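Dear colleague,

I am passing on a structure that I would like you to look through at your own pace. Please open it beside this message, so that you can find each residue as you read.

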Amino acid sequence: MPEPTEVRLGDDVRLHVETVGPSDADVTAVLLHGWTLDGRSWHRQRAALQEMFGSVRVVTYDARGHGRSSCMALPTATLAQLGDDLAAVLDTVAPTGPVVLVGHSMGGMTIMEYAHRHPDHFSRRTAGLVFVSTTAEGHTHTVYGLSPRIARIIRLAETTGAGVLARCGAWRPPRALLRALRPSIRWMLFGDRCDPTDIRLVTSAVARATLRSIGGFRASIGTQHRLATLAALAHLPAAALVGDRDRLTPPPCAESIAAALPATELTVCPGAGHMLMMERPEEVNAALVGVLRRVLEALPGRQRVDG
């Protein structure tokens, strides 16, 4: 069973953190969830890593304003702050040893921001990277699977609505509204197939996110550009995955990440949408295991690799 703990940040925001695996593990894998989601979105990856590796510790946590973490002041609803939060979580929960950072959507952007804002800290700690359905170019490639003209209209409405939601504080979306919006959530986040348990988990996660986080993070997510930051990380074992039906971070997003990190293994999943760790857990698990094996094999004196 995951071990829950709490990390209190400098501005008194409390992050809900869960860990599995030995505290003296050779490597720690930190799995970062996407916008409006929470750490539960990685449940299949956490289970797979527990089964395959005895020498890997797995950490998941709910970002500020998400899941079971507390709400925050509106000015801190930024990717820059999430990058700082990641550095603080590592110092508290995994203060020693190499880490592999795994980010979905906003989680991947958080990793990039951490690398940009804390380059020395990042270089000392990070041994591998996995990017799942994410982007280093804000909303450059996001057209929701529609024509560019319609996408611009949707983006204008979305950003306007985000500004309103950001001022609603710690309130959470009404569950009745989310049930009514479930078909739209399914269309936006999933590809050709969707397990009913997955859409229920996603809807449950959105119901736990504060309106401030739903609206507040939108601006920095749309404007972040970190390809230059990624280019400096080309020496790290890395993987990038994307679904070819992803309406939020379509294949050009992953292709640009792979271009910035030439050694990255790029996987495009046919028929899949934005929620790859649920829609294509085998592919995501395989990419994560591949990076972890490379990291473990590179450890001094390492004789064998689990799994």
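What follows is a short account of the open and enclosed spaces in the structure, and then of one pair of helices.

Please keep in mind from the start that this is a predicted model, and that the values below were computed from it.

**The largest pocket**

The largest pocket has a volume of about 1000 Å³, and of the 41 residues that line it, W35, T36, E158, M188 and I214 are the closest to its centre. Two or more lining residues come from each of helix 3 (106–117), helix 5 (148–165), helix 6 (175–189), helix 8 (211–216) and helix 9 (218–223), and helix 6 gives the most, with eight residues. If you sort the lining of this pocket by residue character, you will find 24 nonpolar residues, 15 polar ones and two charged ones.

**The cavities**

How many cavities of 30 Å³ or more does a search of the whole structure find? There are two, and I describe them in turn.

The largest cavity has a volume of about 60 Å³, and its lining consists of L32, H33, Y61, D62, A63, L82, M106, G107 and T110. Helix 3 gives the most to this lining, with three residues, and the lining as a whole divides into five nonpolar, three polar and one charged.

The second largest cavity holds about 50 Å³ of space, and it is lined by H16, V17, E18, G39, R40, R46, T60, Y61, D62 and R68. Strand 2 (14–20) and strand 4 (56–61) are the elements that give two or more residues to this lining, with strand 2 giving the most, namely three residues. Here the division is two nonpolar, three polar and five charged.

**Helix 1 and helix 13**

The last item is a pair of helices, helix 1 (residues 43–52) and helix 13 (residues 281–297), whose axes come within 10 Å and cross at roughly 45 degrees. Angles from 35 to 65 degrees fall outside the ranges for roughly parallel and roughly perpendicular, and helix 1 and helix 13 are therefore oblique to each other. Their crossing is right-handed. On the side of helix 1 the contact is made by R44, Q45, A48, L49 and M52, while helix 13 contributes P281, V284, N285, L288, V289, L292 and R293. Taken together, the residues of this contact divide into eight nonpolar, two polar and two charged.

With best wishes

Conventions. Residues numbered from 1 in each chain as written. Predicted model: local features only at pLDDT ≥ 70, side-chain atom pairs only at ≥ 80, totals over all residues. Heavy atoms only, no water. 1 Å grid on protein atoms, 1.4 Å probe; cavity = no way out; pocket = protein on both sides within 12 Å on 5 of 7 lines; lining within 4 Å. Points joined across faces, edges and corners; volume = space filled by probe spheres on them. Helix = DSSP H or I, 4+ residues; strand = E, 2+ residues; numbered from the N terminus. Nonpolar A, V, L, I, M, F, W, Y, C, P; charged D, E, K, R; others polar. Axes fitted to C-alpha atoms, helices over the stretch in contact; angles between N-to-C directions. Parallel < 35°, antiparallel > 145°, perpendicular 65-115°, else oblique. Left-handed = near helix turned anticlockwise from the far one by under 90°. Contact = heavy atoms within 4.5 Å.
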